[in-house]
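Let's take a relaxed walk through this protein, from a few helices to a pocket and the cores.

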Amino acid sequence: MASSNRQVAFQMDALEGINIDGDSTFVLMLEAQERGYAVWHYLAENLSYKDGAVYASAQQVEVRRKKGDHYRFISEPKQLDLRDVDVVWMRQDPPFDMAYITATHLLDLVEDKTLVMNNPSEVRNAPEKLFVMQFEDLMPPTLITRREDEVKAFRAEHGEIIIKPLYGNGGAGVFHLKEDDSNLGSLMEMFLMASREPIMVQKFLSEVRDGDKRIILIDGEPVGAINRVPAKGEVRSNLVAGGSAVRSSLTEREKEICDAIGPDLKARGLTFVGIDVIGDWLTEINVTSPTGLQSVNQFDGTKLEAQIWDAVEAKLKRKP
């Protein structure tokens, strides 16, 4: 058990909107509370810097697994100096935009005193769909571009393709185009008008109909997995997009993928990571606000949030 004077702050979305049966941050909060931590909550928009200090307008909170009554603030909002807490969890949902990047820079400033999970500078350097490119031999044929002619040439080479925004989440904005689909030009117009970023184009992996596997890694070691199966007529397997979770274990290929990326994740201080694998291919490395803990726990009878907190407390012991 942690000592009663330990404090943890969760930088996350509003508590009233979370699904207590599926939200990974919720069980991380429950576990912290069970270990005796004072738990604080604040929104990313309430993070500030002044005169060398990074602070947040935060409230102390108690959480419980009771639908419709799962949290209670037990303090008025106060200006919480983040150097005065032991751990800050950066758990707000993407998109990975300039506001997200700014938050990582601010949290960098407290790292000498406070353990930030995951390491904010490494989160900044590892956006989901771009970080995976450092492991090119593990990923499917991929193109990142703003040029329609390159997308057309890629489709001519690979046939069916997936087009998606670089910094989206939850399956939003993911399109499946067949070889003769006439919507490519319109989709390119939509993407290019919506933002200045390139788009990601990948060869369509038919294996996605059998599921898109989410594998949880703690300090680079795989600890559990679920298979997310798309709804009928869908190619998006994200649970928020209607996919369903199915019990799963790791194949030999998936173990190879974890062995290949695990040491790098650990070296970067990316303690809680969720990777996505379709067939034999690594498609994303999720480091911003990974999900899946409760689904794995449900199928495997585990308590992954406790394993994560064990890793966090080991880091606290080593911190000067």
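## Helices, a pocket and two cores

Right after helix H8, Gly301 has a positive phi of about 65 degrees. This is a predicted model, where local features need pLDDT of at least 70 and side-chain atom pairs count only at pLDDT 80 or more, while totals for chains, interfaces and linings use all residues. Residues are numbered from 1 along each chain as its sequence is written, and side-chain values use heavy atoms, with hydrogens and water left out.

Helices (H or I, at least four residues) and strands (E, at least two) are DSSP runs, numbered from the N terminus. H8 spans residues 293-300, and its buried residues are Leu293, Gln294, Ser295, Val296 and Asn297. Buried here means under 20% relative accessible area, with exposed over 50% and partly exposed in between (1.4 Å probe, protein chains only). So what covers them? The cover includes helices H1 (24-34) and H9 (304-318), plus strands S13, S14, S15 and S16.

H1 is itself mostly covered, with nine of its 11 residues buried; Phe26, Leu28 and Glu31 are among them. At its N-terminal end, Asp23 acts as a cap: a side-chain oxygen sits 2.9 Å from the backbone nitrogen of Thr25. After H1 comes Gly36, with a positive phi near 95 degrees.

Now for the second largest pocket. A pocket is an open set of points on a 1 Å grid over the protein atoms alone, where a 1.4 Å probe fits, with protein on both sides within 12 Å along at least five of seven lines; lining residues have an atom within 4 Å of a point.

| Item, second largest pocket | Value |
|---|---|
| Space | about 350 Å³ |
| Lining | 19 residues |
| Nonpolar lining | 13 residues |
| Polar lining | three residues |
| Charged lining | three residues |

Pro165, Leu166, Tyr167, Ser195 and Glu197 lie nearest its centre. Helix H6 (184-194) gives the most to the lining, three residues.

Finally, the cores. A nonpolar core is a set of buried Ala, Val, Leu, Ile, Met, Phe, Trp, Tyr and Cys residues joined through side-chain atoms within 4.5 Å. The largest one has 42 residues, and Tyr42, Leu47 and Ile275 are among those with the most contacts inside it. Its largest share, five residues, comes from H2. Tyr42 touches residues including Phe10, Met12, Leu82 and Leu107, not counting residues up to four places away in sequence; contact means heavy atoms within 4.5 Å. Apart from this core lies another, of 32 residues, including Val39, Val63, Phe272 and Val312.

Technical notes:
A polar contact is a pair of N or O atoms within 3.5 Å; within protein, one must be able to donate a hydrogen and the other to accept it, and residues adjacent in sequence count only if both atoms are side-chain atoms. Grid points are joined across faces, edges and corners, and a volume is the space filled by probe spheres set on the points. Ala, Val, Leu, Ile, Met, Phe, Trp, Tyr, Cys and Pro count as nonpolar, Asp, Glu, Lys and Arg as charged, and the others, Gly among them, as polar.
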